[in-house]
Structures are given as structure tokens and as C-alpha cells.
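Please open the structure in your viewer and keep the selection panel at hand. This tour proceeds selection by selection, and each stop says what is to be found there.

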Amino acid sequence: AVGLYNLGQTCCLNSLLQVFFMNTHFTAILRRITVPLHAMQKRRNVPYQMLLLLEKMQGGKQKAVFPIDLASCLSLNRVKFFVQHDAAQLFLTLWNLIKKQMKKSELVKELRVLYTVCVQEHVACQQCSSETKRNSNVLTLSLPVLDSSSRALRSLEDCLHSFFTTEELTDHNMCFCEECGKKTPFLQSMKLVHLPQTLTIHLKRFCFGDSSDACKLSHCLSFPQELDFNAVLTENQCQADDDEKAAWSYELFAVVAHSGSSSCGHYCAYIRSLTEHKWYCFNDSEVCQVSWDDVKCTYGHSNLHWGQTAYLLSYMRKHPQ
């Protein structure tokens with residue numbers, strides 16, 4: 001467990017890198033990349049620079065290293081620095097750069113299998129019962145932390161259940177039905193089709209209120225160490241066979257936590273070592289072993305708006321297929 005020095009508002013990047021590097025399934029893919037031939041290609045290639053940084057972290061005796069070359073590489077790929085990043089957006093940016101710059105098609109396929117979630121959107125007209133279905137592949141399950149009545153949801157299980165609950169689209173939310181030839185009330189729902197080895201959940205803690213300014217929702221929202229989707233979702237909220245659902249048992253692997261407000265703040269990562277089965281807190285250059293009670297401090301608290309609040313959750317499948 002080696003830290004990463006902050007180069008100036010790089011706490012978000014550092015936290016995400018540690019989550020990638022502590023995932024042995026990801027590093028097994030990273031170690032098999034094709035090394036670019038030319039110097040400029042090496043400077044611009046994100047997977048290669050991540051591999052160099054990983055080897056530097058594992059090969060030295062220092063408590064932390066400077067991720068300067070990787071930061072320079074990301075800058076060449078139009079990732080801005082010295083700005084406040086959103087961890088959910090930066091995760092998608094990093095993942096897409098890694099996928100785009102991997103030359104081996106089999107590694108790209110493995111990367112997709114490792115992280116990609118599949119959901120199915122159902123939209124049905126309430127007047128003629130015509131229905132459309134569409135599958136979508138996503139890298140994160142982005143869950144609202146408020147229900148449809150803007151009440152605070154108190155657990156991850158409640159967020160999942162709310163996300164997959166059927167919603168009625170009426171009044172100004174009505175959709176145009178081609179069968180009826182007019183706008184009609186619709187029923188809209190999401191069904192879970194497939195879950196990957198590494199599941200990333202985005203808790204939508206930042207929202208826009210009456211003004212155009214974003215605000216942070218800091219209320220307490222618990223999440224479990226073990227998560228069984230078969231126990232959380234109903235049969236109607238799933239679109240998968242028994243073999244698929246048999247692999248829907250997960251253990252918490254990492255928490256990317258945010259402290260501060262929507263306009264300024266700090267990120268750190270709590271990660272469970274897959275080899276030692278111990279929890280560590282990665283706070284830029286500082287790394288220390290922590291307890292599950294320390295991790296639970298990221299549940300949030302309504303009266304502590306500047307306190308640590310879980311923002312990204314990473315769950316690992318308990319029994320790899």
C-alpha cells in the first residue's frame with residue numbers, strides 16, 4: 001500500500017488510481033498491454049503510463065510516489081488539471097481512455113467484461129399497451145439518493161429498489177405513442193440484465209436545487225459489506241436467467257469518499273485489500289490501515305455537510321465466474 005503525492009487538486013485522480021491498482025483483476029489486464037514503440041506514443045498512452053506508475057509504486061521503498069508522468073500523459077489527452085474533478089465523471093474518462101488506447105482486442109473485451117453493467121429499459125403506453133424494450137451497457141449504476149417525492153433514501157438497498165421501481169409518466173411527462181398517434185400516459189421501468197465482476201455504483205450526492213448552483217446531499221445513507229441483488233430486487237425488476245442471477249452476490253471492495261461542498265472539497269479512498277482482506281485509507285500520500293467502523297463514517301450526516309460522504313462504491317463479485 002503506497003500513497004500518491006498530490007500534484008495540486010489531484011486527490012480525485014489519486015483516489016481513483018488506487019481503486020484501479022488495488023483491483024488485481026484490473027492489474028492482470030494492465031500487465032499484458034502492448035508497449036508503444038515510439039517515445040511520443042509512450043508519453044500519450046494512458047495504460048502504459050499507468051503500468052509504469054504501478055511498477056514504480058510496487059518496486060520502491062518510499063511511502064508515496066509522484067504520479068507526474070501519468071498526469072502529463074492525461075494532460076496530453078485533454079484531461080484538465082488544477083480544477084475540481086467529479087469522481088464519477090473522471091472514472092468514466094479514465095476508463096474510456098484505457099479502453100481506447102489498448103491495442104489488443106482480447107484485453108478490451110476482458111476490460112468490458114470486468115466493468116460493464118447491462119440494464120433494460122421498458123416503456124409501455126397505458127392506453128394501447130404497446131411496449132418498447134432497449135438494452136443499455138453502462139459502467140456505473142448511477143443511483144438517486146432521493147425518492148420520487150424528494151425524500152431522503154436511507155440505505156443503498158432503498159436506492160437500488162427505487163431505481164428499478166416502475167415510474168408513471170403522466171401530465172407534462174407524457175410521451176408520444178405512435179400507435180395512438182398522440183401523447184399518452186406511459187409506464188417506465190428499468191430491469192437488471194447483467195452484473196460484472198467489479199460493480200461501480202455512483203451515489204448521486206450532488207443535485208441542482210431551485211437555483212442553478214449544485215448542492216450536496218449529505219444525509220446518512222448506509223451500505224452493506226455484503227450485497228445480494230437477489231435479496232434486494234424483486235423478480236419483476238430482473239431480466240436474467242438463473243445462471244446469471246446465481247453470480248449476483250457481492251462484497252464491498254472500495255469507497256471513494258468526498259468531504260466538503262459541491263464547489264470545493266477533497267477525495268480519499270477506502271479500499272479492502274484482496275490479498276490481506278484488510279481495509280486501508282488512501283489519502284493522497286498518506287496510507288493507513290483502518291477498521292470497518294472507519295469506513296462506515298462515510299455514510300454521511302445531515303448536520304455535517306463538510307464531513308466525509310461516500311460517493312462511489314465498488315463491489316466485487318464473491319464467486320468469480
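Begin with the boundary between the two domains of this predicted model, where the count between domain 1 and domain 2 comes to one salt bridge. To see it, select K63 and E286, whose side chains meet in that salt bridge with an N to O distance of 2.7 Å. Widening the selection to polar contacts brings up ten residue pairs between domain 1 and domain 2, both residues of each pair being at pLDDT 80 or more.

Next, select the side of domain 1 that touches domain 2, to which β1 (3–4), α1 (11–21), α2 (24–30), α6 (87–101) and α7 (105–115) each supply at least two residues. Of these elements, highlight α1, since the largest share of that side, seven residues, comes from there. If you then colour the side of domain 1 that touches domain 2 by residue class, you will find 16 nonpolar, eleven polar and two charged residues.

Now step back and colour the chain by its domain assignment, which gives residues 1–114 as domain 1 and the two segments 140–164 and 197–320 as domain 2. Placing a marker at the centre of each domain, taken over C-alpha atoms, shows a separation of 23 Å.

With both domains coloured, select the residues in contact across the boundary: 29 residues of domain 1 are in contact with 28 residues of domain 2. As a last stop, turn on the surface, where domain 1 and domain 2 bury about 2,200 Å² between them, with 66% of that area on carbon and sulfur atoms.

Definitions and conventions: Residues are numbered from 1 along each chain as its sequence is written. This is a predicted model: local features need pLDDT of at least 70, side-chain atom pairs count only at pLDDT 80 or more; totals for chains, interfaces and linings use all residues. Side-chain values use heavy atoms; hydrogens and water are left out. Domain bounds come from an automatic or database domain assignment. Contact means heavy atoms within 4.5 Å. Buried area is the accessible area (1.4 Å probe) that two parts lose on being put together, summed over both. A salt bridge is a side-chain nitrogen of Lys or Arg within 4 Å of a carboxyl oxygen of Asp or Glu. A polar contact is a pair of N or O atoms within 3.5 Å; within protein, one must be able to donate a hydrogen and the other to accept it, and residues adjacent in sequence count only if both atoms are side-chain atoms. Helices (H or I, at least four residues) and strands (E, at least two) are DSSP runs, numbered from the N terminus. Ala, Val, Leu, Ile, Met, Phe, Trp, Tyr, Cys and Pro count as nonpolar, Asp, Glu, Lys and Arg as charged, and the others, Gly among them, as polar.
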